[in-house]
Amino acid sequence: MPSTTNGTSSLTTALDRDGYVLIPSVLTSDVLTQLRAACQRSIDLARSGQWPFIRTLPKQFPPWPADISHGIWGVQHLLHPSMPDHALFASSYFAHTVVDPVTELLGVVPDELVMELYNLLIRPDADFALRWHRDDIPPTATAEEEMARLGRKAWHAQWNLALFDDCSLIVVPGSHKRARTAEERAADPWDDNMPGQEIVRMQAGDVVFYNNNILHRGVYSKDRERMTLHGSMGVVGHGKERARNVLQHGVEECVQECDFSGLGEGIRERAEGMRQRLVEMGRGNRDVGFAQED
């Protein structure tokens, strides 16, 4: 059964048990409409070659080339000051509907959070899929290497916020707490029937938080509309390995110039603090490399 909750009281329990938790209907109809319109404008810019920060087909993981001739499947850096709707995206990123679950899941207070990623995953121009993976553990890792990372406390919280119904994310519940089985290691990386897999079925307005080191993949159809806000927030510290998971996306391109002046009092100060902690992370970690290859 899907790991779903209608409140925050059981979030940590569900995430620890299953590796993901879905909260239904976190957006009002007005906000959903506004975000869809803003995302469509961003997609139009990206598909026409007027936005340089994109996820291009057929590449799965960063860095992505700028060539859009094969199409795109994502729009990067929604908080960039040059993004026309950056103020609306900022209000959704720093909203209580996101920050409150994140602080509970990470066991911190808001002033300990670090701003990380905010991107948009979209309908690809051709059918496309990601292989089975853990975000910051390479497929070549031994069982001992997997457990060395999985045994550590989470560095950040990651989420997908669906603006249209979305069943693209496929996970193996509980796999964030163990090394891969022999069967999982031997499986085809694009196996459509991994033992124990579950499709995370989201309705428009639902948000799913998931451990980014759960064994998971994505399957995307060119015929199904998709606008899913894909974000993360983290905590300070944990060195270069933790920084790589964020900085490999090139977020330093915009962090210095992000404009949060349109946010309400209190939220604006929180956002500036989170931004500054990301700046400090970048200063302390240069040439972090990339977590995956494809």
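**Briefing on a predicted protein chain**

Strand E1 (residues 20–23) pairs with strand E9 in the antiparallel sense, and four bridges link the two. The structure is a predicted model. Its protein chain holds eight helices and 11 strands. Of the 294 residues in the chain, 55% are buried. Among contacts in the chain with a separation of 6 or more, 81% are between residues 24 or more positions apart. The points below treat the strands, one helix pair and two buried polar residues.

**Strand E9 and its partners**

- Strand E9 covers residues 207–210, and both of its faces are covered. Val207 and Phe209 lie on one side, Val208 and Tyr210 lie on the other, and all of these residues are buried.
- In the pairing with E1, Tyr20 is placed opposite Tyr210 of E9.
- The residues of E1 are likewise buried on both sides: Tyr20 and Leu22 point one way, while Val21 and Ile23 point the other way.
- E9 also pairs with strand E6 (residues 156–162), again in the antiparallel sense and over four bridges. Here Trp159 stands opposite Phe209 of E9.

**Strand E4 and its partners**

- Strand E4 spans residues 113–122, and 10 of its 10 residues are buried, so the strand is largely enclosed by the rest of the structure. The cut-off behind this statement is a relative accessible area under 20%.
- E4 and strand E11 (residues 227–235) run antiparallel and are joined by eight bridges. Within this pair, Leu121 faces Thr228 of E11.
- E4 and E3 also run antiparallel, joined by two bridges. Val75 has Leu120 of E4 as its bridge partner.

**The open four-stranded sheet**

- Four strands form an open sheet in the order E5-E10-E7-E8, and their pairing is antiparallel.
- The edges of this sheet are E5 and strand E8 (198–199); each has a single partner strand, so one side of each is left without a neighbour in the sheet.
- The partner of E5 in this order is E10 (residues 216–220), to which E5 is joined antiparallel by two bridges. In that pair, Ala129 is bridged to Val219 of E10.

**Packing of helices H2 and H3**

- Helix H2 (residues 29–47) packs against helix H3 (residues 86–93) at an angle of about 130°, and the two axes are 10 Å apart. This angle makes H2 oblique to H3, because it falls neither over 145 degrees, the limit for roughly antiparallel, nor within the 65 to 115 range for roughly perpendicular.
- The two helices cross in the left-handed sense. On the H2 side the contact is made by Gln34, Leu35, Ala38, Cys39 and Ser42, and on the H3 side by Leu88, Phe89 and Ser92.

**Gln76, a buried loop residue**

- Gln76 lies in the loop between strand E3 (72–75) and H3.
- The relative accessible area of Gln76 is 3%, and the residue is therefore buried.
- The side chain of Gln76 makes a polar contact of 2.8 Å with the side chain of Arg55.
- In sequence, 42 residues separate Gln76 from Tyr118, yet their C-alpha atoms are 7.1 Å apart in space.

**Asp136, a second buried loop residue**

- Asp136 is located in the loop between strand E5 (128–129) and helix H5 (143–150).
- Asp136 counts as buried because its relative accessibility is 2%.
- The side chain of Asp136 forms a polar contact of 2.5 Å with the side chain of Asn213.
- Another polar contact, of 3.4 Å, connects the side chains of Asp136 and Arg149.

Notes. Residues are numbered from 1 along each chain as its sequence is written. This is a predicted model: local features need pLDDT of at least 70, side-chain atom pairs count only at pLDDT 80 or more; totals for chains, interfaces and linings use all residues. Side-chain values use heavy atoms; hydrogens and water are left out. Buried means under 20% relative accessible area, exposed over 50%, partly exposed in between (1.4 Å probe, protein chains only). A polar contact is a pair of N or O atoms within 3.5 Å; within protein, one must be able to donate a hydrogen and the other to accept it, and residues adjacent in sequence count only if both atoms are side-chain atoms. Two strands pair if DSSP finds at least two bridges between them. Axes are lines fitted to C-alpha atoms, for helices over the stretch in contact, and angles run from 0 to 180 degrees between N-to-C directions. Angles under 35 degrees count as roughly parallel, over 145 as roughly antiparallel, 65 to 115 as roughly perpendicular and the rest as oblique. A crossing is left-handed if the near helix is turned anticlockwise from the far one by less than a right angle, and right-handed if clockwise. Contact means heavy atoms within 4.5 Å.
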